Amino acid sequence: MGENKADVLQGTLDLMVLKTLESMGPLHGYGIARRIEQVSGDALSLNQGTIYPALLRLEQRGWVKSEWGLSETNRRAKFYSLSRTGRKQIARETENWERTAATMARFLAPSSSASN
Amino acid sequence: MSWTRILSSRCAAFFRKKKLDAELDEELQAHIELAIAENLRRGIPPDEARTTALRAFGGVTQTRETYRMQRGLPWLEQILRDVRFAFRQMLKSPGFALTAILTLALGIGSSSAIFCLMDGIWLHPMRVPHPGRIVRVFSTTTQEQEGYFSYFEYQTLAQRLPAFRGASAGLAAIGGRGSLMPRPDGTSQMLLTNVVSTNFFDLLGVRPLLGRLFTAQDAVRLRVRPGVVLGYNCWQQRFGGDPNIVGRQIPLRHGKDGIYQADVWGVLPREFREIDPGSDTDLWMPVETWAVGVGQSDLTSRRFRWFQMLGRLAPGADAEQANEQVAAIAQALERDDPANNRNRGAHAVSDFRYRMEQAGTSGLVLFAIVGGVVLLCTVNVAHLLLARALSRVPEVALRLSLGATRWTVARQLLVENLLLGLMGWAAGLALAMGIAALLPRLLVSEPAMLNAYTYGTSFHLDERVYFFAGLLSLVTMLLLAFVPLVQVSRPQLVPALQAGAAGCVTSRTSVLRRAAVWLQIGISFALLVSTGALVRSFLNTRTQSIGLTRNQVLVAFTQDPDNPLRETIQTNLRALPGVKNVAYGIRSPLMPSENGIAVKAQLPSHPELHEPLEIKFNAVSPGFLAVIGTRIVRGRGFTTEDTANSPVSVVINRTMAQKYWPAQNPIGQTVHLVDGHVDAHVVGVAEDAPINRIGELPEPYLYIPFLQYQARLSNMGEITFVVETSQNAMSMAPDARQTLIHINPLLDPMFITSLPELIRFSSGNYQMMAEMVSALGIIGLALTVVGLYGFLAFRVTQRQHEIGIRMALGASREATVWLVLRDTAWLIAIGLAIGVGLSLAAARIESSVLFGVHPLDVLSLVVALGILAVSTAIASWLPARRAASIDPMRALRSE
C-alpha cells in the first residue's frame, strides 16, 4: 500500500508543499512534485501521487487555493497558490518543525558524546 | 476553527461527487501528460516515457481512493451503501420484512398506547414549570395516610418550613368545595370549586389565558371585593367562551347562604385543569372570597380539615428534607394542642411519587402485561431473524471467505436489522396514534348526570410517549443487533459453505431458539390466566351481589329543606308515574368526588380503645336501605318509630359487627357518639356495601336515623333523595327535578344521576383492565402461535433430509407426524412450566385489583390451558403434516 511511507511523510510533505508554493508562486501538481524532488536532490523517493491528497488536505484547511489554468505546454491543469492564512501557517509550521528537529538533535547528541 | 471548514468542505464534496471525480481524473491525466512530455524532452523513448511517468506517480487508482477518502464523508457513503443494500434485501423477501415490521409495530404500538393511557390518567405531571419541584403535603392519622389540614395548620406549616422558603418556593393550600351559580329563575347549577390560598398560581407558575390571576398581594383587596378565576372548560361550556368574561360579575351562593357577586379576574389555560388526576375544576376561588361567601369559621376552625397542600421546594431542598420538617412540625402541633391534634402527623411526598402511587397496582399490572407482550414481539422478531440468519449462512460464509472482515459483514447485517427496527418504530407510533384516538371511547364514561357537566379526558401522544416508544425500540433494536454478532462469530466457514443452509445449525442457536419458544409459551399462558381472572373479575362487578341493588334507582343530591318540606317532597316524588319508593339520606353510596363522612364514636364494650374511633356513616330515612338494596341480616332496620326524640338507634355493617363483637350478639350493644354525647344502641346489622368505590376493602360503617342525627348531632344541610323507579331512572330525572324546583327553586339538585350509573362508573377500572388485558392477551396468543409455527416449520425444513432417510428406511407417516409432535410436546410442557411460574408471580401483584376472584383462578387456568393446547396443536399440525408429506426421494436428492 505504501501507506507507511505516506504516514511518515505526511507532516513534512505539507510543509514542503507550502514552502514550494511560497518560493515558486502558483504551480500545478506535477510542478510541485518535480520541485520537491529537485530540492531534496532525489534523496527523497516521493510517490508523486501522494501530493494530491496532501494538496486537498491543505485546500480543505484553507491554506491553499486552486484554479484551473493553462500549463507551459498549453494543457489545462489545476494551479495551486498560497492563501493568506497559508502564508501565516508557513511561519508556524516552520517553527514547529524546527522545535521538533532541535528536540531530536538533543536526543541524538548525548548518545554520540557518551560513546566517546 | 478549521475543523468546521474541513467538515463543510467534505459535506459539499459529498454532494458534488460526480463533478469532483471528473475534475480529479482530469488533474491526474494532466499530471501524467506533463510527466510524459518532460520525459520525452529529456530524450526518453516514447514507449518508455509513459511507463516511467506512471512509475514515478505511484498507483493512480490508489491515489484516487486516498484522495476520495480525504475528500468526502467515507463513513456516510458506506452507511448509505449499507442502507441501500438492506432495502434491496428487504424487497427480495417482502414477506419476511413485512412480518417483522408488523410484529414490532404491534408491540411498540400497543404498549405506547397503554403508556399513553396511563400517562393521561395518572402519570403526567402538572402542566407547570419545573413540575419536579412540586411536593404534596398530607396529614396522617392512624386510619388515613392522605388526610387534610385545617387552614390554621396550613398557616402554621407555611411559616415554619425552611424547605419551602425562598424566592420561588412556598406552600399553598387547596380545598375542594362546591359553589352554586343561581339562574334567573331561582334554580342554580353547581360549580366544582377549588378554594386556594392567594399565592397558589404564583407558586405553581400558572399563566392566565385571559385576564389575570390573583397573587398574595391581592389578599386585602379580595377580602373586600370577592373575585374568582374560571377554569377553561367552565368558561367554554357555561359561559360560551365569552371573550369579554374578564371583569364581569357572576352571582354565587353556598348552601342556603345569601347570593353575592364575584368579579371574574381571569381564565386559566386549557392545559392547566387538574390538581388530582382525572378531576376538573370550574372555579378557582381565593380563601378570602370563600370567607366572604360562607363566613370566617371555615378558615378559623382548628378541627375543620379540608385543605391539602402543594409546595414548591426551595433551591437545594428535596422532598425527603421537606418530609422530615413537616413531620417535626406536626409533632410540635400535637404537643401544643393535644386536644385537637392527638395522633395526627403529616408527611410530604413529591408530586411524581404521589402520581405513581395513584397509578398503583392497576398501573403495575397493566405495565407488566404490556411488558410481556413487548417481550413476545421481540422474541418473535428475533426468531424470524435467527431463522433468516441460518438461511443466509452460505452468503455470510462466502463473503467472509472472500476476504470481507467480520466487522463489515456484521455492520451490514446490523444496518438491515436497525432498518427493520426503525420501520417497526414508525409503524408502531402510527398504530399508537390510532389507538389513542379511540381511547376516550374505550374508557368508561363518567356517570350520566342531569344539571351537572362532565368533561371527560382526551389522550394524545406527546413527547413523553414518543420517548417511551423510542426507548422501547432502542431496547428491541439492541436485542436485534445481537443477532448478527452471533451470525458472524461462527468460525467454521468451510463446512458452512459445503453444507448449505439446512445442514449447519450450531447447537448454540438451536438452544437459543428453543428457549425463546419456551418463554413465549410461558408468557402467553400467564397472559391468558391474567386475562381470565380480570375478565371474570369485571363480570363479577356486574353480576355478583355487592350489597347494592342493580335495579333502577334515581339519586338526587340537593340542599336539605326543613322538616315538613322533606315530607312534601317525598309525597310528590312518590306521586310521579313509575316511582315505586322514595327515601333519603345524607349521601348515596359511590357518590363521586366525595370521600364519605365520619363520626367519632366510643364503644363502652371495648374500654381498651382509649381514643374515639372515626367511623364512616350515613344518616338515612326509614326505607333508605331497602331502596338502595342493602339487606338487613340481623335485627331490624329503621322505622317511623325512630323519631327525633326516641332513643337513638344505629344499624352497623357486618364488618363492624365482626370486628368488635365477633362472639357476642351485636344487637343491643352501645355506641357512644362523641359529638352529641349520645349513647346509641345497635338495632340491626346490614350487609357490607361499598362506600366510595366498588372493590374497596370493607370497613366498619354506621347508619343513623336521619331525624335523630339532625336533632341530636348536627345538620349537614345536604340531602340525597333515592327514588326507586320501574323504568330507566335517568329518564325520570327531568320530572324529579321539576318536582323539586316546583316546591322551591333553591332545591334545584346539584346533580341527579342513578345508582346503575354510579355502579357502572365505579366498576370502570375493572372494565378498563378487562378490556385492555383481553386485547393484549389475544395479541399475545396470536404472537405465540405464529412464533411456534415459525419454529416448527423451520425445524421440519431443517430435518427434511433426516426425515427423508427415515421414511426411505420405512418409517410410516404416523411415525413422522409423531416425530414432530413429540418435539412440540416437550416445547409446550417446558413452556407451560415457565407459564405457571409466571402466573404465580403475577397472582401476587394482581390480587388487589381483582373482584371476587382468586388470583390463581382455577377456571382461568383450565381455560388458558385449553386455549393454549388447541392453538399450539393447530400451530404444530401444519408442519407435522408437511413433514409427513415429504417425498423421501426428493428430500434425499435435494442435497
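Visitor: In what pattern do the helices and strands of chain A follow one another along the sequence?

Guide: Helices and strands are DSSP runs numbered from the N terminus, a helix being H or I over at least four residues and a strand being E over at least two. In this predicted model, chain A reads α-β-α-α-β-β-α along its sequence, with four helices and three strands. This is a predicted model in which local features need pLDDT of at least 70 and side-chain atom pairs count only at pLDDT 80 or more, while totals for chains, interfaces and linings use all residues. Residues are numbered from 1 along each chain as its sequence is written, chains are lettered from A and ligands numbered from 1 in the order in which they are written, and side-chain values use heavy atoms, with hydrogens and water left out.

Visitor: How many residues of chain A and of chain B are in contact?

Guide: Contact means heavy atoms within 4.5 Å. By that rule 26 residues of chain A meet 25 residues of chain B. Buried area is the accessible area, taken with a 1.4 Å probe, that two parts lose on being put together, summed over both; here the two chains bury about 2400 Å², 54% of it on carbon and sulfur atoms. A:Tyr30, A:Tyr52 and A:Gln60 supply 30% of the area that chain A buries against chain B, more than any other three residues.

Visitor: What is the count of salt bridges between chain A and chain B?

Guide: A salt bridge is a side-chain nitrogen of Lys or Arg within 4 Å of a carboxyl oxygen of Asp or Glu. The count between chain A and chain B is four, and one of these pairs B:Glu26 with A:Arg76, whose closest N and O atoms are 2.9 Å apart. On the side of chain A that touches chain B, the elements giving two or more residues are α2 (29-39), α3 (51-60) and β3 (76-82) of chain A, and α3(A) gives the most, with five residues.

Visitor: Turning to single residues, why does B:Thr198 count as buried?

Guide: Buried means under 20% relative accessible area, exposed means over 50%, and partly exposed lies in between, with a 1.4 Å probe and protein chains only. B:Thr198 counts as buried because its relative accessibility is 9%. B:Thr198 lies in the loop between β3 (188-196) and α8 (200-204) of chain B, and, not counting residues up to four places away in sequence, its contacts include B:Phe214, B:Leu222 and B:Glu288. B:Val786, in helix α27 (residues 764-798) of chain B, is partly exposed, with a relative accessible area of 48%.
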